[in-house]
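User: I've got this model open and I'd like to know what stands behind the labels people put on it. Can you take me through them one by one?

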Amino acid sequence: QVQLVESGGGLAQAGGSLRLSCTASGSIERLNAMGWYRQDPGKQRELVATITSGSRTNYADSVKGRFTISRDNAKNTVYLQMNRLKAGDTSVYYCNAEGTYYGGSYYYGWGQGTQVTVSS
């Protein structure tokens, strides 16, 4: 079993910053792509940012220039630094990862979600 545990959500003022972290624990041999998504009630989950094992990144247009995704492969952790937050960034943020278990089976999973609320 693999768990993705998120932390760092909370309340911030517009223009402020928050940093999300997500750590994978369990029988994971290798993590490939990791990412952050967000979802509002009644809406589809949308991509925020992804990062490959080689640290190639991809961002939603709405967060480019404000958010930065990074990872620490030694710690099986992905981060999302969110700067210049806007009220529209308010959402539940989910960590996502895919990789391989020891033994070679494919892994794909989600964290439990962390609430980010930006007050204007």
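**What earns each label**

Analyst: Let's start with Y107, which is buried, its relative accessible area being 5%. Keep in mind that this is a predicted model.

User: What makes Y107 count as buried?

Analyst: The cut-off for buried is under 20% relative accessible area, and Y107 comes in at 5%, so the label fits.

User: And how do you know whether Y37 and W110 are buried or partly exposed?

Analyst: Same test. Y37 has 17% relative accessibility, so it counts as buried. W110 has 34%, so it is partly exposed, since that label covers 20% to 50%.

User: How many aromatic pairs are there, and why is the one between Y37 and W110 called edge-to-face?

Analyst: The structure holds 3 aromatic pairs. For Y37 and W110 the ring centres are 5.1 Å apart, and a pair needs centres within 6.5 Å. Their planes sit at 75°, and over 60 degrees counts as edge-to-face, so that's the name this pair gets. Y37 belongs to strand 4 and W110 to strand 10 (residues 106-110), so the pair ties together parts 73 residues apart in sequence. Y101 and Y107 also make an edge-to-face pair, with 5.6 Å from centre to centre and 80° between the planes. Y37 and W110 join Y108 in one aromatic cluster.

User: What makes R38 and E46 a salt bridge?

Analyst: The limit is 4 Å between a side-chain nitrogen of Lys or Arg and a carboxyl oxygen of Asp or Glu. In R38 and E46 the closest N and O atoms are 2.8 Å apart, which puts the pair inside the limit. R38 is buried at 7% relative accessible area, while E46 is partly exposed at 38%.

User: Which other partner does R38 have?

Analyst: D89 forms a salt bridge with R38, with 3.1 Å between the closest N and O atoms. D89 is in the loop between strand 8 (77-82) and strand 9 (91-101) and R38 is in strand 4 (residues 28-39), so this pair ties together parts 51 residues apart in sequence. Both D89 and R38 are buried.

User: How do you know that R38, E46, R66 and D89 belong to one network?

Analyst: Follow the shared partners. D89 also forms a salt bridge with R66, where the closest N and O atoms are 2.7 Å apart. Salt bridges with partners in common join R38, E46, R66 and D89 into one network. A search of the whole structure gives 4 salt bridges.

User: Why is the link between C22 and C95 called a disulfide, and what gives it its handedness?

Analyst: Two cysteine sulfur atoms must be within 2.5 Å, and in C22 and C95 they are 2.1 Å apart, so the pair passes. The torsion about the S-S bond is about -80°, so this disulfide is left-handed. C22 lies in strand 3 and C95 in strand 9, 73 residues apart. C22 and C95 are both buried.

User: Last one: which residues have the most contacts inside the largest nonpolar core?

Analyst: W36, L80, M82 and Y93, in a core of 29 residues. Beyond its neighbours within four places in sequence, L80 is in contact with several residues, including W36, Y93, V48 and I69. L80 of strand 8 also stands opposite L20, and strand 3 and strand 8 run antiparallel, joined by 6 bridges.

Notes
Residues are numbered from 1 along each chain as its sequence is written. This is a predicted model: local features need pLDDT of at least 70, side-chain atom pairs count only at pLDDT 80 or more; totals for chains, interfaces and linings use all residues. Side-chain values use heavy atoms; hydrogens and water are left out. Buried means under 20% relative accessible area, exposed over 50%, partly exposed in between (1.4 Å probe, protein chains only). Helices (H or I, at least four residues) and strands (E, at least two) are DSSP runs, numbered from the N terminus. Two strands pair if DSSP finds at least two bridges between them. A nonpolar core is a set of buried Ala, Val, Leu, Ile, Met, Phe, Trp, Tyr and Cys residues joined through side-chain atoms within 4.5 Å. Contact means heavy atoms within 4.5 Å. Rings of Phe, Tyr and Trp (its six-membered ring) pair if their centres lie within 6.5 Å; planes under 30 degrees apart count as stacked, over 60 as edge-to-face and the rest as tilted.
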